[in-house]
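Dear colleague,

I am passing on a structure that you have not worked with before, and below it you will find my notes on what turned up when I went through it. Please read them with the structure open beside you.

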Protein chains: 2
Amino acid sequence: MIGNRMVSVKRKRDIIFRAIADPTRRRILALLRTRHQTVGEIASNFAMSRPAVSKHLRLLRSAHLVVSRRQGTTSRCSLNARPLRAVNDWLRDYEIFWTESLESLKSYVEKNR
Amino acid sequence: MIGNRMVSVKRKRDIIFRAIADPTRRRILALLRTRHQTVGEIASNFAMSRPAVSKHLRLLRSAHLVVSRRQGTTSRCSLNARPLRAVNDWLRDYEIFWTESLESLKSYVEKNR
DNA sequence: ACAATCGGAAACCATTTGGTTACGATGATT
DNA sequence: AATCATCGTAACCAAATGGTTTCCGATTGT
């Protein structure tokens with residue numbers, strides 16, 4: 001039912017927030033912004049071992065932030081940023097709390113110039 | 001120097017992303033969006049113990065997402081959403097990846113109607 | 001002065017996280 | 001066919017996380 005869907009949406013959002021919480025995973029996303037890369041290429045950018053990067057990739061894939069297609073022995077990883085819209089939507093509820101301070105500052109400047 | 005500042009900015013961002021990663025902490029932020037509340041009031045919304053909520057609040061305070069002023073025996077907690085601008089700024093680098101798909105869909109519709 | 005309330009800190013515990021090394025499956029190369 | 005490269009998974013480990021109960025300090029009210 002709808003209830004189940006709602007829970008699932010919330011769970012998905014939790015997974016996305018967890019996925020982007022780690023700085024290594026955010027670096028991976030940034031890397032894939034320029035071009036798709038294989039797992040080995042991604043791992044070469046980090047001091048940690050390849051399986052460690054592989055684990056991070058698994059988490060990113062579970063959040064659907066990274067999609068990968070096997071191509072021969074390699075695996076082409078590419079960015080899928082659409083799930084980040086959930087984060088964007090979440091932020092919208094808080095945007096007013098920083099824009100309003102800008103607005104009040106602006107009106108202050110307007111009045112006192 | 002500038003290098004140190006950069007590191008500190010990155011660390012701050014890490015702390016913010018960690019802070020909002022937990023669903024309980026996001027619920028706390030949502031609660032404080034309506035009005036400032038005491039620690040006890042916040043805790044009453046959760047099934048967990050008050051010290052558990054207190055720990056979450058400590059993390060949120062360390063990210064400067066919650067500020068609290070002691071008032072008598074109680075502690076007034078209020079939302080400070082400004083640090084979330086860092087998340088917003090981070091998202092801007094990915095926005096194109098979901099808007100471009102909307103744009104391409106729009107141009108497709110334009111061409112084929 | 002004393003009791004009660006509020007909230008933070010400490011000590012403790014189970015689970016999760018983030019890393020390692022070792023191994024195995026699969027596809028390419030020779 | 002045999003070997004090599006790539007990548008995922010398993011087993012393991014230390015540290016962090018998220019929760020508990022207990023206790024303590026500060027403030028308020030009687």
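**How the two chains are related**

A turn of 180 degrees, with a shift of 0.0 Å along the axis, lays chain B on chain A with an RMSD of 0.0 Å. The two copies are therefore related as by a two-fold rotation axis; please keep in mind that this is a predicted model. Within chain B, the residue that comes closest to the rotation axis is A21(B), whose C-alpha lies at 3.0 Å. Because 100% of the interface residues of chain B are also interface residues in chain A, the copies meet through the same surface.

**The sheet of chain B and its helices**

Chain B has an open sheet of three strands in the order 1-3-2, with antiparallel pairing. Its edge strands, each of which pairs on one side only, are strand 1 (37–38) and strand 2 (66–71). Strand 1 and strand 3 (residues 74–79) of chain B are joined in the antiparallel sense over two bridges, and R76(B) in strand 3 is the bridge partner of T38(B). Helix 4 (residues 50–62) of chain B packs on this sheet, where it touches strand 2 and strand 3, and its direction makes about 115 degrees with that of strand 2. Helix 2 (residues 23–34) of chain B lies across strand 1, strand 2 and strand 3, running at about 95 degrees to strand 3.

**Helix 2 of chain A**

At the start of helix 2 of chain A, a side-chain oxygen of D22(A) reaches to within 2.8 Å of the backbone nitrogen of T24(A). The buried residues of this helix include T24(A), I28(A), L31(A) and L32(A).

With best wishes

Terms used: Residues numbered from 1 in each chain as written. Chains lettered and ligands numbered in written order. Predicted model: local features only at pLDDT ≥ 70, side-chain atom pairs only at ≥ 80, totals over all residues. Heavy atoms only, no water. Buried < 20%, exposed > 50% of the residue type's maximum accessible area, 1.4 Å probe, protein only. Helix = DSSP H or I, 4+ residues; strand = E, 2+ residues; numbered from the N terminus. Polar contact = N/O pair within 3.5 Å; in protein donor to acceptor, adjacent residues only side chain to side chain. Pairing = 2+ DSSP bridges. Contact = heavy atoms within 4.5 Å. Axes fitted to C-alpha atoms, helices over the stretch in contact; angles between N-to-C directions. Least-squares fit on C-alpha atoms with pLDDT ≥ 70 in both.
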